[in-house]
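Dear colleague,

Please find the structure below, passed on to you for your own reading. The notes that follow it set out what was found.

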Amino acid sequence: MQLTEKDGYFYGRGTGDDKFMAATFVANLIRYKQENFTPNRDIILALETDEEIGDSNGLGVQWLLKNHRDLIDAEYALNEGGGVGIKNGKLIRNSLQTMEKVYLNYRLEVLNKGGHSSVPSTDNAIYHLAEGLARLGKFSFPVNLNATTRSYFARTAELESPQTAADIRSVLSASPDPAALARLSANPAYNAQLRTTCVATVLEGGHAVNALPQTARAVVNCRIMPGEKFDDIKAALIRVLADDQIAVTQVGDANPSDPAAVDEELLATIEKTSAEFWPGVPVVPIMSAGATDGLYLRNAGIPTYGHSGLASDVDDVRAHGKDERVGVKAFFEGGEYLYRLVKRLAGGK
């Protein structure tokens with residue numbers, strides 16, 4: 001998709017996820033060089049490939065770690081994610097992403113003898129799969145909060161409407177009100193912070209318009225809360241689909257990562273710099289509902305934090321979409337923020 005500027009936005013696939021940060025870091029390094037800035041710490045920029053497929057071919061961050069660990073070894077890393085949140089036109093938080101959910105897919109498949117469509121049977125592969133998926137669509141995994149998400153919700157409650165704030169505090173209590181949990185879960189962003197989610201993302205079936213389907217398949221994409229067992233997730237899917245004709249198979253391996261402990265120097269520098277750009281806006285540790293290559297760095301012993309300085313509407317998430325966009329003002333403001341933040345973290349003259 002071609003980059004387009006329209007109505008105060010830059011439109012284009014990857015504008016926010018994650019070309020903003022890549023372009024900003026490159027431009028800022030050039031700027032440091034032009035200013036003859038000499039840092040006390042090394043500033044390492046690593047731009048790699050295939051994050052959206054989890055580096056499954058091993059040609060991105062895993063290749064760097066395996067073959068050139070010395071070139072990217074660092075005290076910590078700043079990564080995509082952790083933007084500045086806007087809600088109803090008001091700045092509400094500057095996020096510091098310290099952990100992320102675990103990405104894992106499952107393939108669902110129904111096989112059938114098929115036949116001629118003029119003599120249909122109720123034993124239909126597509127119907128079996130569709131009915132199982134309908135049951136899955138009504139299912140919610142149990143609430144599973146951790147220290148980061150508890151802190152996130154506690155800070156968020158201070159900024160929400162009275163009803164939502166009350167619902168959040170109820171969910172954080174020892175005895176959550178089911179109605180409060182239901183209202184909070186109806187918000188997709190909050191629901192993703194409350195629990196594991198599994199959603200159908202790909203569907204295919206049949207081979208001809210005049211034949212009974214011999215196959216029906218779907219992919220269910222799960223974002224699993226850290227610490228939960230993958231066998232338990234698969235067992236839950238099988239139980240909810242409730243049809244022994246639907247085979248459930250894990251696709252690929254999961255790559256969990258431990259949370260990055262908050263570095264006090266980093267946090268203090270972020271809070272100081274953030275206050276210069278967005279006074280009164282709190283810096284809030286968060287868990288990413290998505291996945292990033294930061295997990296490979298964390299697992300290699302390099303604490304990694306999602307922190308971009310890019311402001312966007314928390315209720316208008318367009319990443320991966322055909323209409324992905326970033327605000328022009330937010331683009332340049334975020335770039336200046338990262339310029340100042342990295343310069344302070346690096347020290348020097």
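**A salt bridge between two helices**

Glu276 and Arg344 form a salt bridge, with their closest N and O atoms 2.7 Å apart. This pair links distant parts of the chain, since Glu276 belongs to helix H10 (residues 264–277) and Arg344 to helix H12 (residues 328–346), 68 residues apart. Glu276 counts as partly exposed, at 38% relative accessibility. Arg344 is partly exposed as well, with a relative accessible area of 31%. Please bear in mind throughout that this is a predicted model.

**Other salt bridges**

A second salt bridge concerns helix H12. The side chains of Arg340 and Glu336 meet there, at 3.9 Å from N to O. How far apart are Arg340 and Glu336 in helix H12? They are 4 residues apart, and therefore separated by about one helical turn. In general, an α-helix has 3.6 residues a turn, so residues three or four places apart point the same way. Arg340 is partly exposed at 29% relative accessibility, and Glu336 is partly exposed at 25%. Salt bridges that share partners join Arg31, Glu35, Glu276, Glu336, Arg340, Lys343 and Arg344 into one network. Both of the pairs described so far thus have their residues in this network.

Another salt bridge is formed by Arg69 and Asp73, whose closest N and O atoms are 3.0 Å apart. Arg69 has a relative accessible area of 30% and is partly exposed. Asp73, at 42% relative accessibility, also counts as partly exposed. The count of salt bridges comes to 20.

**Helix H10**

Helix H10, which holds Glu276, has 14 residues that should span 20 Å at 1.5 Å a residue; the end C-alpha atoms of H10 are 20 Å apart, which agrees. The buried residues of H10 are Leu266, Leu267, Thr269, Ile270, Thr273, Ser274 and Phe277. Because these residues cover an arc of only 165° around the axis, they lie on the same side of H10. On the other side of H10, Glu264 and Lys272 are exposed.

What do the buried residues of H10 pack against? Their partners are strand S3 (77–79), strand S5 (90–100), strand S12 (283–288), strand S13 (304–306) and H12. Helix H12 thus appears twice in relation to H10: as a packing partner of its buried residues, and through the salt bridge of Glu276 with Arg344. At the N-terminal end of H10, Asp263 acts as a cap, with a side-chain oxygen 3.1 Å from the backbone nitrogen of Glu265.

**Helix H9**

Helix H9 (residues 230–241) has 12 residues. From its first C-alpha to its last, H9 reaches 17 Å, close to the 16 Å expected at 1.5 Å a residue. Ile233, Ala236, Leu237, Val240 and Leu241 are the buried residues of H9. They cover an arc of only 125° around the axis, which means that they are on the same side of H9. The face of H9 turned away from this buried side carries the exposed residues Asp231 and Arg239.

The cover over the buried residues of H9 includes S6, H4, S8, S10 and strand S11 (247–251). After H9 comes Ala242, whose phi is positive, near 55°.

**The strands and the helix that help to cover H9**

Three of the strands named above also pair with one another through S10. Strand S6 (residues 102–111) and strand S10 (residues 215–224) pair in the antiparallel sense over 10 bridges. In this pairing, Tyr103 stands opposite Arg223 in S10. Strand S8 (residues 197–205) also pairs with S10 in the antiparallel sense, over 8 bridges. Here Gly205 is the residue opposite Ala216 in S10.

Helix H4 (residues 125–137) contains His128. Is His128 buried or exposed? His128 counts as buried, because its relative accessibility is 15%, where the cut-off for buried is under 20%. Apart from its neighbours within four places in sequence, His128 is in contact with Val110, Asp123, Asp243, Gln245 and Ile246.

With kind regards

Key. Residues numbered from 1 in each chain as written. Predicted model: local features only at pLDDT ≥ 70, side-chain atom pairs only at ≥ 80, totals over all residues. Heavy atoms only, no water. Pairing = 2+ DSSP bridges. Salt bridge = Lys/Arg side-chain N within 4 Å of Asp/Glu carboxyl O. Buried < 20%, exposed > 50% of the residue type's maximum accessible area, 1.4 Å probe, protein only. Contact = heavy atoms within 4.5 Å. Expected span 1.5 Å × (residues − 1). Arc of directions from axis to C-beta. Polar contact = N/O pair within 3.5 Å; in protein donor to acceptor, adjacent residues only side chain to side chain.
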